[in-house]
Amino acid sequence: MRAEKMDAELDQLILSGAPGGVVITNEEHAVVRWTAGAQRIFGYASDEALGHTLWELISLPGQAEADPLINEHLILHGSYDRESLRRRKDGELIYVDVACQAAQAGADGPRYLISTMKDTTLLKAARDAQFVNVRYRVLFESTPDSVIMVNATGAIVLANQQAQRLFGYAEGELSGRQIDSLLPQRLRHAHVGHRARYFDQPRTRTMGADLELLGLRKDNVEFPVEISLSPIQTEIGTFVISAIRDVSDRRRAEQKFRGLLESAPDAIVIVNGDGEIVLVNSQAERLFGYSRAELLGRNVEVLIPARYAIDHPHHRQSFSTAPRARSMGAGLELYGLRRDGTEFPVEISLSPLETDEGVLVSSAIRDITERKRIERTLNEQKIELERASQAKDRFLTSMSHELRTPLNAILGFAQLLANEALPATALQKRTFVHNIVTSGRHLLTLINEILDLAKIESGSLSLSMEAVTLPALIEEVRVMVEEQAQQRQIHLVFPACEALTLRADHTRLKQVLLNLLSNAIKYNRPAGKVELEISQPGAQRVRIAIRDTGKGLDEAQLAELFQPFNRLGQEAGSEEGTGIGLVVTKRLVELMGGSMGVHSCIGVGSVFWIELDTMAAPPAAQAETEYLPEPAGDAGDDAGGQALLLYVEDNPASLRLVEDIVSFLPHLRMISATDARQGIALALERRPDVILMDINLPGMNGNQAQRILRNDTRTAHIPVIALTANAMKGDIRHGLAAGFFRYLTKPVEIPQLNTAIEEALQLVRAVLPFKPED
C-alpha cells in the first residue's frame, strides 16, 4: 500500500510539475484533468476548465470542424502530433505543439485522450523571422515606408530599417516582440481582438480609418500613425505586412488651418455634394497632371477611368447618405486617370468635412503603383525561389542515384568475391573483378566530373592560359581515341591541320576535345563516321567542330542538353555515362573565353563545335609538335660539372619553355615529370640540385609533393621553387610559409627564373657541398 501511495504521489508530482501542459479529456472531449502547466499556457485555472470541451476553451473559429479528422487519425495510428494555432483565455493567439495519445482505464473502463502541450510561440516566431528575412528583407529595405511583418500570433518577424528608426529601436531589437508593444498601454488589450479578427478574414485595407491611431516609441513618446495592412500567403502560413507612416505633421496641420493641406503626403481632393471639385493640393496636381485651375469646379469623375465613372455618381450618393471616414472600395482594384489618359492603381480614403457650406468629402488618394510592383516582385521571387529549390532537389536526387549505381555494383561483386562459401569458378571471380574495376572507373569519372563542375560553379577552378599549338593537340587526342573508335568500328576523319596557336589551358582543352570525340564515338551508329573539322569564322577565332553520324537530337533534347545528369533518355541504354560531361565541357570552354554550340538533325547526326581565340605563337612553340622531354640518364653533377634541375609540370607547353630556357644555361641540365608522384620518385632516384614544382598537378598537388620531399632526409636539402599560375597574394604567402625556396608565378619572367635557380644552386653548394648518401 505504501508503494502504491508513493507511485500515486509521484504520478501527481509529474503531472503538476511537468514543464508543459497536460490535459485529459473524455470521449465527449470534456476536460477531466487540467494541470498547472496547462494553466500557464492557456490562462484558465483548473476549475474554469474542468467540464468544458477543449474546443470551447482554446480553439479558433473553424478548428472544431477538424475534430472528426483527428479522431480518424487516432483510430488509425493511436496518436496525433501537430503544431497548431490556439487561443488563450485573454484572446491572445499562440502556437502550441500538441501530442495526443488515446488511453483506456482498464479493459472495460472509459476511454480518455491524453494531450501534452508545449507553447512554441517564440520558436515559431524565430522560424518565421528566419524565413521572411531570406525571402523579403532585401525587398522591404528598398521601400520608403516603415514596414513591419507579423505572424498570426502578432509576433514581429521582420522590421525594415525605416520602422526601426520610426520606433527608436536598434537593429534586431524588434524581432520576436509582440506588435502590441508598439502601441500605448491603454490600447493594447483591444488590439488583441482586432488582430484575431483580421486574421480570420485577412485583406488589404487601411487600418482604423475612422480611428485615431497612435504608435509608441521606445522612449515612451506617442505619435499618430497611418497604417495600411496587406496579407501575404506563403508556404508556411499567412503573414500581415503593415506599412506604417507617421502622420504627426499632418495632424498638426489639420488642426491649424485648411491651407496646410499642402503638407499632406497624399493627393487631397475635396468635393461638394454635387461632386464638384472645390479644393486640391499640389500633390493632386502632380499626381493627375492637371493644374489647380483646371480642376476646380469640374466634376470629380474626370479623375476616374470611363468604365468606372459611369457608376461613380451612385457611389457618391450612397456615401452622402451616411458619411463616415473609410477606405473607398475596400477589396476592390481602384484606378485613377491622369490628364494624358494613363491609368494607375490608387488607394483612396474618404472623410466627411462639416462646413458652413454643408458636408464636403475629402479624398486622400495614394498612388500604389510601387506597392503593386512590390507585390508582383514578391510573387515572381517566390516562384523563382520555388523553381530554384526544385532544380536543386532534382540535381541532388540525380547525383545520389548516379553515385549509388556504380557503388552498388562494386559492393555487390566485392561481396560475391569475398564469400568463400559460394562455389564460384576462377572465371566467375575474374568476371567479378572486371566488373568491380569497370564500375570503379565509372565512379571515379563521375566523381571527377562532379568535382570539376563544383569548382567551376564556385569559381575556384584555376586555369593556366597559354599558347597551345593546335596540330600537336589534335594529334594527341587522335591517338587517345583511336583504339576506342576501332573497337566500335567507327571511321575517324582528321584533317591536315594548319599551324594555328590557340589561347587556352592545354590540359582542359584536351579534356574538352576528348569528351566531345568520346561522345561522338559512343553514341554513333554501327560502322559510322566521326569527322573533325577546323575553320576560322574570324581573323582571331578558330572553330573546332566534331561531326558524327548518330541518331541526332530533337528540339526537346537540344533544350535539355546542358542540364547536369540529364542523359536525354540514354539512362537505360548500354553506354555508360554521367550526364555531366557536356555541362563541364561547355563551362570549361566559356572559362577559356570561348563558346560552344550544337546543330543536330534526327536520323542524320549531330555537330558539336567550340570556338576559341587565336594568339601569336611564342618562339618556344614553333616546333610542329609539343612533347614531354624524356629524362636523361644523368647522375647529378658528374656530367661535365653540370647541375641537375628537376621540373614537375603537367603542361607540355610549360615543360618545353623551361627546357628551352635551360638549354641556354651550359652549367645546367633538366629532367622532368608530369605528375607529383613521378616527380618524387625521380627526386629520390636522381638527387637533383634544384626542383621546379607546379602547384596544380593531376592527383597530388605541388604543395603536398613539396611537403613529402621536405620531410624525407634524402631530399630535404634540395631547394624547391614553385612555378605556378596561382598568383594571388595569399597563395604566395602560403607557399613561402610552407617551405618553398622561391615562389614564381606564370607567365614567368626568364631573368627572375634564372636568378632563383642560381640562388638555389649557390645555397646548395654553400650549405651542402656533397650530396648525402643513401
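This section describes the overall make-up of a predicted model, followed by its nonpolar cores, its helix packing and a number of individual residues.

The protein chain of the predicted model contains 24 helices and 29 strands. Of its 774 residues, 44% count as buried. When contacts between residues at least 6 apart in sequence are considered, 58% of them join residues that are at least 24 apart.

The largest nonpolar core comprises 39 residues, among which L509 and I610 touch the most other members. At least two residues of this core are supplied by each of α16, β20 (501-504), α17, β21 (529-538), β22 (541-548), α19 (581-591), β23 (595-601) and β24 (605-613), and the element that gives the most is α17, with seven residues. A second, separate core is made up of 26 residues, including I148, I156, L166 and I244. Within the surroundings of L509, once neighbours within four places in sequence are left aside, the residues in contact are V468, L473, L502, A504, M592, I610 and L612.

Two of the helices that contribute to the largest core also pack against each other. Two packed helices are described by the angle between their axes and the distance between the axes. For helix α16 (residues 470-487) and helix α17 (residues 506-522), the angle is about 30° and the axes lie 10 Å apart, and the crossing of α16 past α17 is right-handed. On the α16 side the contact is made by L473, I474, E476, V477, M480, V481, Q484 and A485, while α17 brings H506, L509, K510, L513, L514, L517, S518, I521 and K522. Sorted by class, the residues of this contact are eleven nonpolar, three polar and three charged. L509 thus appears both in the contact of α16 with α17 and among the residues that touch the most other members of the largest core.

The distribution of buried residues around individual helices was examined for α13 and α22. In helix α13 (residues 312-321), the buried residues are H312, R316 and F319; because these fall within an arc of 65° when seen down the helix axis, they line one face of α13. An α-helix has 3.6 residues a turn, so residues three or four places apart point the same way. The face of α13 that is turned away from the buried side carries the exposed residues H314 and T321. In helix α22 (residues 702-711), the buried residues are G702, A705, Q706 and L709, and since they cover an arc of only 100° around the axis, they are placed on the same side of α22. The elements that cover the buried residues of α22 include α21 (676-686), β27 (690-693), β28 (720-724) and α23 (729-738).

Several single positions were also characterised. N151 is located in the loop between β6 (146-150) and β7 (156-159), and it is buried, with a relative accessible area of 1%. When residues up to four places away in sequence are not counted, N151 touches Y95, K124, A125, D128, V157, F199, T238 and F239. The C-alpha atoms of N151 and I241 are separated by 9.3 Å, although the two residues are 90 residues apart along the chain.

D119 belongs to strand β5 (residues 111-119) and is partly exposed, its relative accessible area being 37%. With neighbours within four places in sequence left aside, D119 is in contact with I41, I94 and Y95; Y95 is also one of the residues touched by N151. From C-alpha to C-alpha, D119 and G20 are 7.5 Å apart in space, whereas in sequence they are 99 residues apart.

Positive phi values in residues other than glycine were found at two loop positions described here, N220 and Q489. Phi of N220 is near 70°, and this residue is found in the loop between β9 (214-216) and β10 (222-234), where it counts as exposed at 59% relative accessibility. For Q489, phi is about 60°; this residue is placed in the loop between α16 and β19 (491-493) and likewise counts as exposed, at 60% relative accessibility.

Notes. Residues are numbered from 1 along each chain as its sequence is written. This is a predicted model: local features need pLDDT of at least 70, side-chain atom pairs count only at pLDDT 80 or more; totals for chains, interfaces and linings use all residues. Side-chain values use heavy atoms; hydrogens and water are left out. Buried means under 20% relative accessible area, exposed over 50%, partly exposed in between (1.4 Å probe, protein chains only). Helices (H or I, at least four residues) and strands (E, at least two) are DSSP runs, numbered from the N terminus. The arc is that of the directions from the helix axis to the C-beta atoms. Axes are lines fitted to C-alpha atoms, for helices over the stretch in contact, and angles run from 0 to 180 degrees between N-to-C directions. A crossing is left-handed if the near helix is turned anticlockwise from the far one by less than a right angle, and right-handed if clockwise. Contact means heavy atoms within 4.5 Å. Ala, Val, Leu, Ile, Met, Phe, Trp, Tyr, Cys and Pro count as nonpolar, Asp, Glu, Lys and Arg as charged, and the others, Gly among them, as polar. A nonpolar core is a set of buried Ala, Val, Leu, Ile, Met, Phe, Trp, Tyr and Cys residues joined through side-chain atoms within 4.5 Å.
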